[in-house]
Every structure is written in structure tokens, then in C-alpha cells.
Amino acid sequence: MEHSDDTRARVASPRPPTTATTVAYDHEWAGEMRTALRCAAALLALLLCIDGAAGSLTWWRGLLWSALALLLLLVLYPAKVSAGDGWLASRRLLRTRRVQTDLLVAVRPLDGVNQRLVLRDLLGNRVEIDPEVLVRNPALWHRLDDGARHSLAGGTLRCGTTALDRLARRLDRETALAVFRASGLE
């Protein structure tokens, strides 16, 4: 029988529980993964064909070409980005990095060959994502934007509001162009 004087400690969560927790994913990740696999397979096939046509294909050279194709696959392997209420995660081959979006401290763009967006939270977590993932997946952007607004309201977000505003304007522009294209007003 259970007693009514239960003495277990009750822990209150900072957010009220929701009835349906929805998680947003990068919908184009599978296509990017297939592209990476195709590139690696094409490189392997090309190297094996050239080596075979030259008559110098041996088992150890085939192994070397396979290792080279595998290395290309590892370089091209895309990060799988997902987001939920108050968090955003980026999963690579061996590691998943997760940041609390409602505790963001900094959002910084990294310019270079590949543009990256670096998110840091109050707990010391760090995530790098490609801004194109947010452009292609509005649900991910809305999760990040909601968390950033909570961070800004809570006073933890000290650096990066201009980067988020720039990204928001870009998303609005892309959405408007997509609507114009769909309606034939381009």
C-alpha cells in the first residue's frame, strides 16, 4: 500500500512540461549524405578503373584507393542538426554537440570558405552549424530564434544579436522570394 506522506523530493523544471514535444530536424541531411556517398564511390570507381586500365592494380593499391575514398567520405560527412524546446544539437560521426538556446551567451558568424555560425551557452557548450541549414529548414530557425529571444530577455545573450538579425533578414528574403516564385510573380 502507498502512504500519503511521501517524502521524496520534488524537482521543479524551469519550463512547464508540454504535452507534445516536437523536434525539428534538417530534412535535407539524407540527401547530403547520399551525395557524399556517391562522391566517395565515384572516386573509388574512377581510381580503380584507371589503375586497372594501366595494368597496375594490386590488392594493396585497391586497399589504398578504398582508404582514400573513405577519407573523402569522412570529409564530406554532413552534420545532422536538430532542435527542440530550448536546445539545438549538431551530430557528427563520433560526437554530438548540444547547446541550450534559452541560455545562449554568444552567437558569432565565422566567415571563410564555409560560413559557420558558432553558438555558445552559459554552461560552456559550443555548437558550430552551417547557416544554410537554418535557411533550408525554417522549423530549426524558429526553434533557435525562440531560444535566442528567451536568452535576450533573460539577459544572458551578450554578443550576437546583430548576427541573428542579419540571418533573420536573410531568411525573410529567401521566404519572400520562394513565395514570389510559387505564385509566378518573380
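I would like to begin with Trp29, because the charged end of Lys80 sits over the ring of Trp29, 4.9 Å from its centre, where sitting over a ring means that NZ of Lys or CZ of Arg is within 6 Å of the ring centre and within 35 degrees of the ring normal. Please keep in mind that this is a predicted model, in which local features need pLDDT of at least 70 and side-chain atom pairs count only at pLDDT 80 or more, while totals for chains, interfaces and linings use all residues. Residues are numbered from 1 along each chain as its sequence is written, and side-chain values use heavy atoms, with hydrogens and water left out.

A second arrangement of this kind involves Arg98, whose charged end sits over the ring of Trp87, 4.0 Å from its centre.

To return to Trp29, the structure holds one aromatic pair. The ring centres of Trp29 and Tyr77 are 6.2 Å apart and the planes meet at 75°, so the pair is edge-to-face; rings of Phe, Tyr and Trp (its six-membered ring) pair if their centres lie within 6.5 Å, and planes under 30 degrees apart count as stacked, over 60 as edge-to-face and the rest as tilted. The pair links distant parts of the chain, since Trp29 belongs to helix α1 (residues 29-54) and Tyr77 to the loop between α2 (59-76) and β2 (80-84), 48 residues apart. Here helices (H or I, at least four residues) and strands (E, at least two) are DSSP runs, numbered from the N terminus. Are Trp29 and Tyr77 buried or exposed? Trp29 is buried, at a relative accessible area of 14%, and Tyr77 is buried too, at 15%, where buried means under 20%, exposed over 50% and partly exposed in between, with a 1.4 Å probe and protein chains only.

Let me turn to the nonpolar cores, each a set of buried Ala, Val, Leu, Ile, Met, Phe, Trp, Tyr and Cys residues joined through side-chain atoms within 4.5 Å. The largest has 22 residues, and those with the most contacts inside it are Leu88, Leu104, Leu119, Ile129, Leu134 and Leu144. Among the elements that give two or more residues to this core are β2, β5 (104-110), β6 (116-121) and β7 (126-129), although α4 gives the most, with four residues. A second, separate core of six residues includes Trp29, Ala36, Ala40 and Leu73.

Leaving aside neighbours within four places in sequence, Ile129 is in contact (heavy atoms within 4.5 Å) with residues including Val81, Leu88, Leu119 and Leu134.

Next comes the sheet, in which three strands form an open arrangement in the order β5-β6-β7 with antiparallel pairing; two strands pair if DSSP finds at least two bridges between them. Because β5 and β7 stand at the edges, each with a single partner strand, one side of each is left without a neighbour in the sheet. Four bridges join β6 to β7, and Arg120 stands opposite Arg126 in β7.

I will close with two residues. Ser82 has its place in strand β2 and counts as buried at 11% relative accessibility; leaving aside neighbours within four places in sequence, its contacts include Val23, Tyr25, Trp87 and Leu140. Arg91, in strand β3 (residues 87-91), is partly exposed, with a relative accessible area of 38%. With the same neighbours left aside, those within four places in sequence, Arg91 is in contact with Pro78, Ala79, Lys80 and Thr96, and the C-alpha atoms of Arg91 and Pro78, 13 residues apart along the chain, are separated by 8.8 Å.
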